[in-house]
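User: Hi! I'd like to learn how the labels people put on a structure get decided. Can we go through some together?

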Amino acid sequence: PTAMPGRQHAARGAAPPRSPSASPLSAKEEFVLGCISVGISKLITAPLEFLKISTQLGPELVRMGNLTSPYNGTLGLSILTDSISASGLSVLWSGCTYGVIKIFPNQILNHAKASISLFKPDEKASTAWKTMSKVLGGSFVSALVLVSLYPFDFMRTTPVAEAISKVSSTARGHRFQPILSASFSDLFRSAGIGAFYSGLSSTLLGLFTYRATYFALYTIFSPKKNSSNFVRFVIGFGISSLAGLLSYSFDTLRRRQMIACGSTKEYGSSWDAIMQIRSEGVGAFWLGAG
């Protein structure tokens, strides 16, 4: 009698064929390739991130006395050329090292959280409850990842603020005054780990806002099963962009709290920061969003 296909492979010592939907890569290979691809994208987009953070922090640096005005007319793309003139091309990757280092633990935690199921609703639950469960579960697990890696965001932001302040000081011919009077290690010894978590509450609020907006919009505008890949891309891109814009104000808030930490202009609380930034105009919360 004819042997079954699976037994033929076993007899020859070969592994059974993979299903068409199975990934040809192992979990380790996917992890390594994921880290490499994210790292490359971080390095390529670093100048844009530098421009975005510079725009966000301009008014805060003025408030702290490190700038006389937001870049003294260098607002926009010209801040890139001014920064290069003052510190060289590498300034556009200020703090990028910490962002790249963050990739590895971030990927590990993201793989781990994928297996965690929290607030899992019953199959017969309403659409509203299912959406809320996704928001609560996703926000809780993502918050754990964020809290674990938050100091990397602090170390990513402050070097950019230092570089922008140096541009202004160089242009005015004044001695550059660092925002942080000590290195990160000295700051840790003097102020403790709490110094690296400035703006954490604002970040958590922004995370929940993003999640809630994303899942709510996706529930309303979810593409049909027979939709083309282009339609799915447009819907996904539009939803993620809108959710990002709505939660962007919290990103500005946390970064301004970060660089003000330890200075004489340090905010008393997140609410204090909101009220002071609001006095500059509502648009101050969305600087650099474009």
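**How the labels are earned**

Analyst: Sure, and keep in mind that this model is predicted. Let's start with W286: its relative accessibility is 34%, so it counts as partly exposed, as that label lies between under 20% for buried and over 50% for exposed.

User: What makes F285 count as buried?

Analyst: F285 has 10% relative accessibility. Buried means under 20%, so F285 gets that label.

User: Why is the pair F285 and W286 called edge-to-face?

Analyst: Two checks. Their ring centres are 6.3 Å apart, and pairing needs them within 6.5 Å. Their planes sit at 70 degrees, and over 60 counts as edge-to-face, so the name fits.

User: Why is the aromatic pair F233 and F237 called stacked?

Analyst: Here the centres are 5.9 Å apart, with 20 degrees between the planes. Planes under 30 degrees apart count as stacked, so the label follows. Both F233 and F237 are exposed, too.

User: Where do F233 and F237 sit along the chain?

Analyst: They're four residues apart in helix α8 (residues 229-260), which means about one helical turn separates them. In an α-helix, residues three or four places apart point the same way, because there are 3.6 residues a turn.

User: How do you know that α2 falls short of a straight helix?

Analyst: Helix α2 (residues 27-64) has 38 residues, and a straight helix would reach 56 Å, yet its end C-alpha atoms are only 48 Å apart. There's a bend of about 55 degrees at A46 in α2, with a proline, P47, following within four residues.

Conventions. Residues are numbered from 1 along each chain as its sequence is written. This is a predicted model: local features need pLDDT of at least 70, side-chain atom pairs count only at pLDDT 80 or more; totals for chains, interfaces and linings use all residues. Side-chain values use heavy atoms; hydrogens and water are left out. Helices (H or I, at least four residues) and strands (E, at least two) are DSSP runs, numbered from the N terminus. The expected span of a helix is 1.5 Å times one less than its number of residues. The bend at a residue is the angle between axes fitted to the seven residues ending there and the seven starting there. Rings of Phe, Tyr and Trp (its six-membered ring) pair if their centres lie within 6.5 Å; planes under 30 degrees apart count as stacked, over 60 as edge-to-face and the rest as tilted. Buried means under 20% relative accessible area, exposed over 50%, partly exposed in between (1.4 Å probe, protein chains only).
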